Amino acid sequence: MRFFLFKLPKYKRFHFITRYYDPEKEERAQRYERILRAARPERDPEEIKESIRAFYRRRQASSAPPVKTRGLYIGAIAISTLGFLYIGLWAYLFAGIVIAADWWHRRSSNA
């Protein structure tokens, strides 16, 4: 009998045990999908294209044009850093409040 001070690693093996498989349930689900596909009428490809175009038109009309905020945030951080050198900690706090307010406004207007 051997005794080791360290735990020796065991080989990694793939061991997958199927917990439960019901072939009748699987067959019922496939049959149900076949029935649904047979009951649905085939749509015209042009009709599908038009519905996709209409979706994107609605989406484009409802969303506001994107604003380039990365530059604004970098500028606010740069100005607050310069402000920190001249004014102190209040410049960072003010910049943080402005950025947080802008983020909150954008978050609430998108919802």
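**Figure 1. Phe55 and its aromatic neighbour Tyr56 in the predicted model.** Phe55 is partly exposed, at a relative accessible area of 41%. Tyr56 also lands in the partly exposed class, with 46% relative accessibility. Put the two rings together and you get centres 5.1 Å apart with planes at 75 degrees; anything over 60 degrees counts as edge-to-face, so that is the label for this pair. The structure holds two aromatic pairs, and the other one gets its own close-up below.

**Figure 2. The tryptophan pair, Trp103 with Trp104.** Here the ring centres sit 6.2 Å apart and the planes make an angle of 55 degrees, so the pair is called tilted. How exposed are Trp103 and Trp104? Trp103 has 48% relative accessibility and counts as partly exposed. Trp104 comes in at 51%, and residues over 50% count as exposed, so Trp104 gets that label.

**Figure 3. Salt bridges along helix 2 (residues 45-62).** Start with Glu46 and Lys49, whose closest N and O atoms are 3.7 Å apart in a salt bridge. These two are three residues apart in helix 2, so about one helical turn separates them. Both partners are partly exposed: Glu46 has a relative accessible area of 47%, and Lys49 has 42%. Next come Arg53 and Glu50, whose side chains form a salt bridge with an N to O distance of 3.7 Å. Arg53 and Glu50 are again three residues apart in helix 2, with about one helical turn between them. Arg53 is partly exposed at 43% relative accessibility, and Glu50 is partly exposed at 37%. What is the network that takes in Glu50 and Arg53? Salt bridges link Glu50, Arg53 and Arg57.

**Figure 4. Arg106 and Asp102 in helix 4 (89-110).** The side chains of Arg106 and Asp102 meet in a salt bridge, 3.2 Å from N to O. The residues are four apart in helix 4, so the gap is about one helical turn. Arg106 is partly exposed, with a relative accessible area of 28%. Asp102 is partly exposed too, at 23%; buried would need a value under 20%. The count for the structure comes to five salt bridges.

**Figure 5. A nonpolar surface patch shared by helix 3 and helix 4.** About 1,100 Å² of surface belongs to this patch, made by Leu82, Phe84, Leu85, Tyr86, Ile87, Leu89, Trp90, Tyr92 and Leu93. Which elements give two or more residues to the patch? Those are helix 3 and helix 4. Leu82, for one, is found in helix 3.

**Figure 6. The protein chain as a whole, for orientation.** Four helices and zero strands make up the element list, and the order along the sequence is simply α-α-α-α. Out of 111 residues, 5% count as buried. The chain exposes about 11,800 Å², with carbon and sulfur atoms supplying 63% of that area. As for confidence, the mean pLDDT is 77, and 86% of the residues reach 70 or more. Among the elements, helix 1 (residues 23-39) has the highest mean pLDDT, at 87, while helix 3 (residues 69-86) has the lowest, at 77.

Key: Residues numbered from 1 in each chain as written. Predicted model: local features only at pLDDT ≥ 70, side-chain atom pairs only at ≥ 80, totals over all residues. Heavy atoms only, no water. Buried < 20%, exposed > 50% of the residue type's maximum accessible area, 1.4 Å probe, protein only. Areas by Shrake-Rupley, 256 points an atom, 1.4 Å probe, with all protein chains shown as cover. Phe/Tyr/Trp six-rings, centres within 6.5 Å; stacked < 30°, edge-to-face > 60°. pLDDT = per-residue confidence, 0-100. Patch = residues over 30% accessible without salt bridge, like charges linked within 9 Å, V, L, I, M, F, W, Y side chains within 5 Å. Salt bridge = Lys/Arg side-chain N within 4 Å of Asp/Glu carboxyl O.
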